[in-house]
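User: I should like to learn how to read the features of a protein model. Could you guide me through one, step by step?

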Amino acid sequence: MSSDQPLSAQRYQPQELEERWQRHWQEQEDAPHNDQGPPFFALSMFPYPSGNLHMGHVRNYVITDVIARAARMRGHAVLQPMGWDAFGLPAENAAIERGVEPGPWTDQNIASMREQLKRLGLSIDWDREVTTCHSDYYRWTQWLFLQFLEAGLAYQKDATVNWDPIDQTVLANEQVDADGRSWRSGALVEKRKLRQWFLRITAYADQLVDDLDTLTGWPERVRTMQANWIGRSTGAELSFEVVDGGGTVTGEHITVFTTRPDTIFGASYVVLAPEHPLVPLLTTAEQQLAVEAFVDLVSLQSEQERTADDKPKRGVPIGARVRNPANGDLIPIWIADYVLAEYGTGAVMGVPAHDQRDFVFARQYELAVTQVIVPEGSDEHAFEGSAFTGSGVLIHSGRFDGLNNSEAKAAIIAAAEADGWGRGRVQYRLRDWLISRQRYWGCPIPVIHCEDCGVVPVPSDQLPVELPRTVAFSGKGGSPLAQLEGWVAVDCPCCGKPARRETDTMDTFMCSSWYFLRYADPHNSELPFTREAADHWLPVDQYVGGIEHAILHLLYSRFFTKVLRDRGLLSFDEPFKRLLTQGMVQGITYKNPATGKYIPPGDVAEPSDPRDPITGDRLETFFEKMSKSKYNGVDPAQVIGRYGADTARMFILFKAPPEKDLEWDDADVEGQFRFLQRIWRQINGARERGLSLNGSEASVAAQQGSQPPNPDEIELRRAVHTAIEAISEDLQDPYQFNTAIAELMKLSNAISSHLERCGDAVAVEALTNLLVLLAPFAPHLAAELWQQLGGADAVHRQSWPQVDHSALVRDTVQLVIQIKGKVRGSLEVPADADRQALEQLALGSEIAAKWLEGKAPSRVIVVPGKLVNLVP
């Protein structure tokens with residue numbers, strides 16, 4: 001691997017060097033494998049194969065690679081695989097726009113990205129690669145779906161979808177723009193009901209919340225986001241009897257859920273979701289036109305628009321009323337945009353005196369506001385200008401007057417249960433997971449619909465249900481699968497009569513909710529994985545990915561794991577022990593505030609005075625997440641092409657702590673390149689001196705036994721073992737790669753300062769540890785220099801260095817001298833000096849003479865080993 005050129009003629013040429021080592025690793029498989037030791041599973045969230053890596057990818061995979069390499073050197077058997085989350089809308093859009101099949105287009109992108117990843121020097125076990133759109137993978141996604149179906153956790157019901165009335169097709173949320181129009185036809189999107197498949201994730205809601213407490217290796221922010229998403233609320237279900245416009249009891253009841261049963265006496269109206277099935281039944285003739293118009297208006301709004309806090313809440317009365325079960329008052333029924341049919345019961349009670357949203361709505365529509373809770377000892381009229389949402393005592397609440405509201409909750413629930421108009425209940429914000437997609441490029445749902453037998457699962461021995469490849473893509477007329485009669489028509493597996501395949505495909509989150517399990521047993525053709533293989537490698541020891549996946553992907557993966565555990569396929573409760581959510585990579589961004597347009601950095605002539613090249617307007621300058629639309633991206637291939645992968649790795653690790661956002665700076669990239677060049681020169685200098693890496697530890701021990709070390713050797717050994725100690729700590733969770741690289745720089749500086757005056761044994765010890773510590777961060781350069789210095793085996797097969805604590809012992813320490821609490825200098829003093837000796841040394845110093853001006857201090861404060869404070 002090494003060159004025969006004279007040392008003086010050799011230059012650090014990362015491109016040639018890195019290509020050479022990547023070929024070597026691919027041929028020899030040096031980097032990925034270590035089958036001995038306890039298992040350690042290091043995993044990055046697998047990417048969608050768009051065809052090109054971006055800097056966010058680079059940061060994610062390099063972080064995981066450093067963790068994996070360090071774990072391998074610490075004696076672990078490391079699993080670091082890679083795969084592709086390859087189903088999804090972009091491939092189908094490409095098929096429509098470019099007239100290509102999604103499969104070959106996706107495979108081409110995967111091949112391109114695989115080569116880009118290899119250029120980063122990642123120690124990935126490519127033998128375990130998985131691709132979710134290949135039938136040898138989605139066969140098992142279908143098999144797992146059938147496990148859910150058999151367990152009663154998969155079912156169908158009617159649900160609302162986005163419908164394009166021009167193209168006559170269902171749209172994903174991503175295909176609807178901010179104005180509610182179709183991305184392709186421009187039509188206003190409608191809401192329609194279709195039969196959809198769901199997974200009953202709500203059956204595991206309690207476990208998903210409670211087990212968050214066990215995830216101590218996860219960021220608190222992520223755990224909080226999941227808890228809020230699940231939204232477990234304790235309260236009561238209360239039943240309101242419906243009375244029509246003429247005052248007649250209809251026999252219907254409206255059930256609401258509330259976390260505030262203590263406010264029931266203040267309920268002055270009830271609100272239904274516009275889609276609630278009782279709305280057309282209860283609406284009076286006088287209100288029918290207004291209600292129908294309002295329902296049509298709301299149907300054009302997204303769920304986000306309807307529930308946004310900054311949007312005004314709108315509603316109309318339907319003409320009917322309900323009887324408040326607590327006090328018998330008749331109160332009106334309204335419909336409003338902020339109530340959703342899918343959440344809770346699709347109905348809420350309005351208590352404007354004690355809920356700010358209800359208060360604003362009531363004032364807007366002149367509805368009654370009745371206060372039923374006040375702070376103890378307070379005047380009820382003191383809170384008429386806004387809702388009172390705090391704790392207090394009940395008023396205007398019949399026999400519950402005088403109770404504090406916490407006691408009143410329990411008392412009112414008990415009364416409701418005794419009298420038959422309510423019950424205590426726990427409710428969740430979480431809804432069952434809708435997995436149906438009316439798209440082609442997804443995993444087919446393996447069921448058959450038979451008129452006689454109903455929903456029939458495809459027998460396991462007939463899996464996979466493969467996607468047909470000869471498909472016409474137009475983007476119109478519904479799912480392409482539904483139009484393939486030859487694929488849809490099939491005999492029922494139960495009765496043999498003509499039947500029809502399910503034409504919906506699965507949400508891509510289905511594929512990504514179990515992929516980490518397949519890595520444990522990727523070549524198994526009989527099962528998705530064996531329990532033994534999964535239990536050996538999992539749970540994942542370290543998972544790395546973006547905060548944007550904090551809820552859906554991570555929640556669904558946890559759900560899958562718990563279901564498969566209950567099916568006897570796994571023996572653990574959670575899929576990921578530790579989670580690192582890396583920050584975004586941000587680029588310098590220029591924007592014209594007058595036009596709102598982004599300007600490419602290359603078009604800005606003078607960055608110190610940025611101007612729009614066309615209008616001359618002064619531009620706003622800031623850092624923002626890299627994206628094509630903002631022209632602020634940096635192509636990893638260009639950086640690697642100019643500086644090499646090791647420099648890209650070092651910069652992206654050094655610039656910011658891993659969980660923080662990173663601001664790209666070309667000057668800092670140059671800085672890391674210069675640092676690696678310095679290490680290259682240091683090793684060349686060692687080679688000129690004739691140093692070899694063999695037998696360094698024995699030589700150091702022998703030298704220390706034969707002659708005392710000189711001051712440079714003492715300082716260099718202290719620097720080496722200080723770096724080992726600090727970097728070892730930085731490569732433990734919580735990871736601090738930036739400070740680890742800073743320690744490498746300090747060690748390199750120490751080598752430059754002391755190596756020439758050190759004996760060979762100490763010099764070799766320093767260089768050995770420099771390269772071993774460098775190896776996880778800059779694997780190509782470390783491998784090359786290790787070989788050039790004659791290191792045994794490969795640097796990546798070396799054991800992680802251990803700290804020699806005796807090398808850290810200091811004979812002297814720096815003693816800070818303060819005068820009246822202000823630092824005025826420092827002294828080099830014996831490390832074992834006692835308090836009296838330190839006081840005398842401080843008083844006899846030039847610092848004391850200068851600042852005390854010959855006067856004795858009134859007080860001397862000594863902190864041994866740290867400082868002496870002289871108070872005049």
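**Reading the model from the whole to the parts**

Analyst: Let us begin with the whole chain: buried residues make up 51% of the 872 residues in the protein. Please keep in mind that this is a predicted model.

User: How many helices and strands are there in the protein?

Analyst: The protein has 27 helices and 33 strands. Along the principal axes, its C-alpha atoms fill a box of roughly 105 × 85 × 65 Å. Contacts tell us how the chain is connected: among those between residues at least 6 apart in sequence, 72% join residues at least 24 apart.

User: In what order do the four strands of the open sheet stand?

Analyst: The order is 2-1-24-25, and the pairing is parallel. Strand 2 (77-79) and strand 25 (576-582) each have a single partner strand, so one side of each is left without a neighbour in the sheet. On average, neighbouring strands of this sheet are turned by 20 degrees against each other, direction ignored. For one pair within the order, take strand 1 (residues 39-44) and strand 24 (residues 540-546), which are joined in the parallel sense by three bridges. Here Ser-44 has Val-544 of strand 24 as its bridge partner.

User: Is Thr-581 buried or exposed?

Analyst: The relevant cut-off is that buried means under 20% relative accessible area. Thr-581 has a relative accessibility of 10%, and therefore counts as buried. This residue is found in strand 25. Leaving aside neighbours within four places in sequence, Thr-581 is in contact with Pro-219, Val-222, Gly-545, Gly-546, Ile-547, Pro-658 and Glu-659.

User: In which sense do strand 32 and strand 33 pair?

Analyst: Strand 32 (residues 859-863) and strand 33 pair in the antiparallel sense, over five bridges. Within this pairing, Ile-861 stands opposite Asn-869 of strand 33. The two strands form a hairpin with three residues between them, and Gly-865 in the turn has a positive phi of about 80 degrees. Strand 33 (residues 867-871) also runs parallel to strand 30 (residues 812-819), to which four bridges join it. In that pairing, Ile-817 has Val-868 of strand 33 as its bridge partner.

User: How should one describe two helices in contact, and at what angle do helix 18 and helix 20 cross?

Analyst: One may take the axes, then the handedness, then the residues. The axes of helix 18 (residues 636-643) and helix 20 (residues 666-689) come within 11 Å and cross at roughly 35 degrees. The crossing is right-handed. Helix 18 contributes Val-639, Arg-642 and Tyr-643 to the contact, while helix 20 contributes Val-669, Glu-670 and Phe-673. By class, this contact has four nonpolar, no polar and two charged residues.

User: Which residues touch the most other members of the largest nonpolar core?

Analyst: The general idea comes before the case. In soluble globular proteins, nonpolar side chains tend to be buried together. In this structure, the largest nonpolar core has 183 residues, of which Phe-145, Leu-538, Leu-774 and Phe-777 touch the most other members. Helix 2 (residues 55-73) supplies the largest share of this core, 11 residues. Not counting residues up to four places away in sequence, Leu-538 touches Phe-41, Phe-516, Leu-517, Ala-520, Phe-572 and Pro-575. Apart from this core lies another, of 38 residues, including Leu-238, Val-256, Leu-394 and Ala-408.

Notes. Residues numbered from 1 in each chain as written. Predicted model: local features only at pLDDT ≥ 70, side-chain atom pairs only at ≥ 80, totals over all residues. Heavy atoms only, no water. Pairing = 2+ DSSP bridges. Axes fitted to C-alpha atoms, helices over the stretch in contact; angles between N-to-C directions. Left-handed = near helix turned anticlockwise from the far one by under 90°. Contact = heavy atoms within 4.5 Å. Nonpolar A, V, L, I, M, F, W, Y, C, P; charged D, E, K, R; others polar. Buried < 20%, exposed > 50% of the residue type's maximum accessible area, 1.4 Å probe, protein only. Core = buried A, V, L, I, M, F, W, Y, C linked by side-chain atoms within 4.5 Å.
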